[in-house]
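Welcome! Here is a short tour of a structure you may not have met before, starting at the ligand and then moving to a strand.

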Amino acid sequence: MDKHIFGPVPSRRLGISLGIDIIPFKTCTLDCLYCECGRTTNHTIERRSFFSTEDLIAEFREFLKTGDHLDYITFSGSGEPTLNSDIGYMIKEIKKMTKTPVAVLTNTTLLHLPEVQNDLLNSDLILPSLDAVSENVFRKINRPASGISAENLINGLKSFSRKYKGEIWLEVFVSRGINDSDEELEKIRKVIEQIMPSKVQLNSLDRPPAYSEAKPAGHDLLGMIVEKWKGLPVEIIKRVKKREEIPSFSKNLESNILNTIIRRPLTIEDLIMLTGKNRLEILKYIDVLEKEKSIRAEIVGEKIFYRTNS
Ligand code: SF4
């Protein structure tokens, strides 16, 4: 892992965001059915240092020279960022260098640990996930590593929300037929009422999932949940996929990706290797090309290939 910073990229939730990827692909406490990064290959709950923090700081210092406008600096990546035990130090150091707010995307599974809570206290915004309250539904949709439970996740979220001074925007990923029963939605609503996040953001499948059991919710189901949860600050996450909405959009990179795919169907991994770009950055370009129907995704075995439509 030699490049930790990517973008700025347009984020559906955070406007113009500079991504900081601090987890090697694909290291996560969960192996969600719907994961857009693919299946978890390093399923773990062990927190550790993955690379030199000084390298990240040096990369960030270089980025600051560009003077690019940002809405957020976002710790995210191809896995769970709180598995990196240096995250607290990284947040502190980055905040010394910029006034741009720092956000952390987390799957919430380690938030019950006091050390993780302390690490995140200096951030300005956290975007935790809560897809299920019942253990059986949690296991089905999020496929946790051993040692992780929905109960711990929810307790961690509640206790963190009591001490955190920043904002919490809670994401609920809805997969049709899995976590959309009236009973489960009611349980989730009750937990949300106890946390009182500033926003509740409903998300659903938009890219090929890691497992074919994951199904998109569709606008009707998401709209129905907004109705059901009336009184809560719920919104449906919008899609941002026009090239003019992508800051620093590179026409060259787009044609490069397209010209390569024309020759043969490729996976995201192939494109990362060929372009040297970060996974999440490549995915933004794939979004635009798919929306314009220049390319399409095709699942072959456990892999997702992109091929041209012509
Ligand atoms: S928590 Fe995020 S990165 Fe981990 S498997 Fe789920 S969707 Fe993928």
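## Around the ligand

The ligand is surrounded by Cys28, Leu30, Asp31, Cys32, Cys35, Cys37, Thr40, Gly79, Glu80 and Asn107 (a residue is near a molecule or strand if its C-beta atom, placed from the backbone, lies within 6 Å of it). This shell divides into five nonpolar, three polar and two charged residues; here Ala, Val, Leu, Ile, Met, Phe, Trp, Tyr, Cys and Pro count as nonpolar, Asp, Glu, Lys and Arg as charged, and the others, Gly among them, as polar.

Please keep in mind that this is a predicted model: local features need pLDDT of at least 70, side-chain atom pairs count only at pLDDT 80 or more, and totals for chains, interfaces and linings use all residues. Residue numbers start from 1 along each chain as its sequence is written.

## Strand β6

Strand β6 covers residues 102-106 (helices, H or I with at least four residues, and strands, E with at least two, are DSSP runs numbered from the N terminus). Five of its five residues are buried, so β6 is largely enclosed by the rest of the structure. Buried means that 20 or more other C-beta atoms lie within 10 Å of a residue's own, with C-beta atoms placed from the backbone. Val102, Val104 and Thr106 cover one side, and Ala103 and Leu105 the other.

Two strands pair with β6, pairing being at least two DSSP bridges between strands:

| Strand | Sense | Bridges to β6 |
|---|---|---|
| β5 (residues 72-76) | parallel | three |
| β7 (residues 125-128) | parallel | four |

Val102 is the bridge partner of Ile73, while Leu105 has Leu127 in β7.

Terms used: Buried ≥ 20, exposed ≤ 12 C-beta atoms within 10 Å, placed from the backbone.
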